[in-house]
Amino acid sequence: MATKKTDDAFSLSSFDPAKFADSFRDFAEKGAAQSKEAYAKMKTAAEEATKTVEATVENAQAGTVELGLKAIDALRTNAENSLSHMEALLGVKSLSELVELQTAFIRKQAELAVEQAKSMQEATKKVAENVAKPGKDAAEKAMSSLKKS
């Protein structure tokens, strides 16, 4: 019986250095291209994240200033009302007049406190929405890009 001689796949006679170099070059070029693409995506994501953080910080800073100004305005109004009330109390001539002035002042202050609380609540809600907006927009953009992929 005749046996057919086959070359060993790992023998040096079947090794072609040119094919090996070409295969290695292709592999290296594909790896470099994939690395460049991955780097570009990471760089873009980092830049977008930086913009999101900057916008969030700017909105938070602006909101803090707005809330601070509202608080200062409320304090100023309350102080002015209290001083006016003290002046009115100095001119009181009877106990009934004192009670009437005090009752009116307390009612006015309670109504004012409700108005100020509503105003601060609205401003706080607006600030919270503005602070959250860049993050929300970035998340929506990321989700839409994932859906496309």
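**View 1. Lys141 and its salt bridge to Glu48.** At 49% relative accessibility, Lys141 counts as partly exposed, a class lying between buried (under 20% relative accessible area) and exposed (over 50%), with a 1.4 Å probe and protein chains only. Its partner Glu48 is likewise partly exposed, at 35%. The closest N and O atoms of Glu48 and Lys141 are 3.1 Å apart; a salt bridge requires a side-chain nitrogen of Lys or Arg within 4 Å of a carboxyl oxygen of Asp or Glu. The pair links distant parts of the chain, 93 residues apart, with Glu48 in helix H1 and Lys141 in helix H2 (residues 95-148). Helices are DSSP runs of H or I with at least four residues, strands are runs of E with at least two, and both are numbered from the N terminus.

The model is predicted: local features need pLDDT of at least 70 and side-chain atom pairs pLDDT 80 or more, while totals for chains, interfaces and linings use all residues. Residues are numbered from 1 along each chain as its sequence is written, and side-chain values use heavy atoms, without hydrogens and water.

**View 2. The salt bridge between Lys133 and Asp137.** Both residues belong to helix H2, four residues apart, about one turn of the helix. Their closest N and O atoms are separated by 2.8 Å. Lys133 is partly exposed at 46%, as is Asp137 at 34%.

**View 3. The salt bridge between Lys41 and Glu37.** Here the closest N and O atoms lie 3.5 Å apart. Helix H1 (residues 17-90) contains both residues, four apart in sequence. Lys41 counts as exposed at 56%, whereas Glu37 is partly exposed at 47%.
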